[in-house]
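Reader: Before I rely on the labels attached to a model, I would like to see the reasoning behind them. Could you show me the structure and then take my questions one at a time?

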Amino acid sequence: MDAPATQSAHDCTTRTAGEWTWYAPGDGAEGRPRERDDGDGPAAPPDGREAGQAPGREHEHPAEACPAPSDAARPEPLRPSPLPMAAAAPPAAGSSSSPSPDAILVRRTLAEIEPVADKATSYFYALLFVRYPGLRELFPAAMDVQRDRLFKALLTAAEHADDPKTLTAYLSRLGRGHRKYGTQAVHYPAVGECLIGALTRYAPGTWSEAAEAAWVRVYTAVSQIMIDAAAEDEQRAPAWWQAEIVSHERRTRSVAVLTLRPDQPYPFLAGQYTSVETPWWPRVWRHYSFSSAPREDGLLSFHVKAVPAGWVSGALVHRARPGDVVRLGPPAGSMTVDHSTDDGMLCLGGGTGIAPIEALVEDVVRHGRRRPVDVFYGARYDDDLYDIDTLLRLQKAHRWLCVRPVVSDGPTRGLSGQLPAVVRKYGPWHACDAFLSGPPEMIRSSVDTLVGIGIPSHRIRHDALDEPAIRGR
Ligand SMILES: Cc1cc2nc3c(=O)[nH]c(=O)nc-3n(C[C@H](O)[C@H](O)[C@H](O)COP(=O)(O)OP(=O)(O)OC[C@H]3O[C@@H](n4cnc5c(N)ncnc54)[C@H](O)[C@@H]3O)c2cc1C
Ligand code: HEM
């Protein structure tokens, strides 16, 4: 049973799906009047609001709906890292305050190689494929998007030599994820050899016997963590899953909602994403977020936006049909709900970034522990809000949920503006957990905004930002 969390949540749910009209905070920033609903939506900010006070929000979710965090009682949440890894080091690397001699040597090489990283990367792969031609078939035909990631990860691992715990978590995930590529333990020395070959050539100024020895130790430690994690994972999970598309629904010209049936149970958490390989682009993997929480029937769903000239997204939107089979990698991502608290949740979804936000909402629904959830759904134009009806249906059914569409570029019945700027006008949010999903630039500016209005960064969760390709809007 849903109990109303707050009066405000009640306020937020009195409109019907498909009839949404929203009051935009009337601080004059947008310079034109907004349509508003029957008076039970978010209230206008009191004119006499104190400077810096977030407008209006307290009328919807009073303070008790989003209680101040009890930091002493809260378990340390998973922290999203702006880097693919926050740290890397063999155990001897020591603490951040005193990097080990190995870390110092490795960082010197990195500093030298940075301006010529592209050339070093190309040379690394050339060496790898010439010396070990059998490894070529593990990689996609065209490697423009992914090519530098392996090399960058190695460099990043070596660079951040001060947090073995985070390093191990990241590399273990990476090692498990490499199973889907067909990577085996015997491949690691070959990659290491070619890495050293590229560094020798492109960092002549800092290269020395000592530097080489340091790189060998760091690479060995990094590889061992990946190899061990992959071996352990082999005992309990497949390297990949086959999944048949059972439904393919076009929502706009460029967005499709796909539902897949995996060939065996696929365990994941709401808010996570997976990697997908289509039959049309072998060995080209891209990330897509689950748009619903784990379902009893085991089906998985995704929202995919075809980006211009996008290989995988184009195929999934324009070519895929029910009956087609794709491959899925393991689940990843730490944008998940901490069910040990009933603190408010502030969710920002831009474009198809709304998919994992819907999964999070469903997760709260299924978990049964009610808490105020505020969703800001951003898009460029009204028509791009392709799943607003789903959210409004959820809002109607759950009084603790408040959904606000935000449109940046066109006329709208919703709120106008950039997502972070609009969110800023509501609040207060400082006692909420924040969940952000969408294009990297949206995530970055939202993180800045939310930290700026007092949400501690460890309470802000978001997708990985280390992807060169961005999520469609
Ligand atoms: C953690 C995570 C989760 C993601 N979840 C989703 C999701 O749920 N739904 C979804 O649709 N996408 C999602 N993405 C994005 C997705 O992984 C791909 O990057 C996207 O589908 C493009 O892949 P592609 O192979 O079609 O394009 P590529 O072939 O990789 O790119 C083709 C060209 O388009 C450019 N490009 C890439 N993205 C865009 C864009 N958005 N707008 C304009 N140009 C672009 C590239 O730079 C390149 O020049 C997610 C990304 C990450 C990192
Ligand atoms: C310490 C060693 C290694 C590190 C740090 C590393 C890191 C990475 C990273 C970060 C990616 C990007 C995609 C992802 O996150 O999965 C990647 C992709 C990949 N890696 Fe590794 N890797 C290592 C070793 C290897 C080895 C030994 C192989 C086998 C030859 C390998 C094969 C691949 C392949 C095939 C891809 C996909 C490339 C693509 O899609 O273009 N990696 N690696």
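**How the labels are earned**

Author: Strands β7 (residues 345-350) and β11 (residues 433-437) pair in the parallel sense over five bridges, and within that pairing leucine 348 stands opposite leucine 436 in β11. Please keep in mind throughout that this is a predicted model.

Reader: What makes β7 and β11 count as paired strands?

Author: Two strands pair if there are at least two bridges between them, and β7 and β11 have five bridges, so the criterion is met. The two strands belong to an open sheet of six, in the order β10-β9-β8-β7-β11-β12, with parallel pairing. The edge strands of that sheet are β10 (415-416) and β12 (460-462), each of which pairs on one side only.

Reader: Why are β4 and β5 said to stand at the edges of their sheet?

Author: That open sheet has six strands in the order β4-β3-β6-β1-β2-β5, and the pairing is antiparallel. Because β4 (285-289) and β5 (300-305) each have a single partner strand, one side of each is left without a neighbour in the sheet. From one strand to the next, the twist averages 40 degrees.

Reader: Which contacts show the antiparallel pairing of β2 with β5, and what is the partner of glutamate 244 in β6?

Author: Strand β2 (residues 255-262) pairs with β5 in the antiparallel sense over six bridges, and valine 255 stands opposite lysine 305 in β5. Strand β1 (residues 241-250) pairs with β6 (residues 325-328), again in the antiparallel sense, over four bridges, with valine 325 as the bridge partner of glutamate 244.

Reader: How do you know whether β5 is enclosed or open to its surroundings?

Author: A residue is called buried if 20 or more other C-beta atoms lie within 10 Å of its own, and six of the six residues of β5 are buried, so the strand is largely enclosed by the rest of the structure. Both faces are covered, with Leu300, Phe302 and Val304 buried on one side and Ser301, His303 and Lys305 buried on the other.

Reader: Why is the packing of α6 and α8 called oblique, when α7 and α8 are called roughly antiparallel?

Author: Angles over 145 degrees count as roughly antiparallel, those under 35 as roughly parallel, 65 to 115 as roughly perpendicular, and the rest as oblique. Helix α6 (residues 164-177) and helix α8 (residues 209-234) pack at about 55 degrees, with their axes 7 Å apart, and they are therefore oblique to each other. The axes of α7 and α8 come within 10 Å and cross at roughly 150 degrees, so these two helices are roughly antiparallel. The crossing of α6 and α8 is right-handed, and the crossing of α7 and α8 is right-handed too.

Reader: How do you know that the length of α10 agrees with what is expected of a helix?

Author: Its 14 residues (354-367) should span 20 Å at 1.5 Å a residue, and the end C-alpha atoms of α10 are 20 Å apart, which agrees. Helix α10 is followed by glycine 368, whose phi is positive, near 85 degrees.

Reader: On which side or sides of α7 do its buried residues lie?

Author: Helix α7 (residues 187-202) has Val191, Cys194, Leu195, Ala198, Leu199 and Tyr202 buried. These residues cover an arc of only 140 degrees around the axis, which puts them on the same side of α7.

Reader: What makes arginine 283 partly exposed, whereas alanine 309 is called exposed?

Author: A residue is exposed at 12 or fewer neighbours, buried at 20 or more, and partly exposed in between. With 16 C-beta neighbours inside 10 Å, arginine 283 therefore counts as partly exposed, whereas alanine 309, with 7 other C-beta atoms within 10 Å, is exposed. Arginine 283 is in the loop between β3 (273-277) and β4, and its phi is near 65 degrees, a positive value in a residue other than glycine. Alanine 309 lies in the loop between β5 and α9 (311-319), with a positive phi of about 60 degrees although it is not a glycine.

Reader: Where does lysine 119 lie, and why is it called partly exposed?

Author: Lysine 119 is in helix α4 (residues 117-131), and with 13 C-beta neighbours inside 10 Å it counts as partly exposed. Lysine 119 and alanine 198 are 79 residues apart in sequence and 9.0 Å apart in space, C-alpha to C-alpha.

Key
Residues numbered from 1 in each chain as written. Chains lettered and ligands numbered in written order. Predicted model: local features only at pLDDT ≥ 70, side-chain atom pairs only at ≥ 80, totals over all residues. Arc of directions from axis to C-beta. Axes fitted to C-alpha atoms, helices over the stretch in contact; angles between N-to-C directions. Left-handed = near helix turned anticlockwise from the far one by under 90°. Expected span 1.5 Å × (residues − 1).
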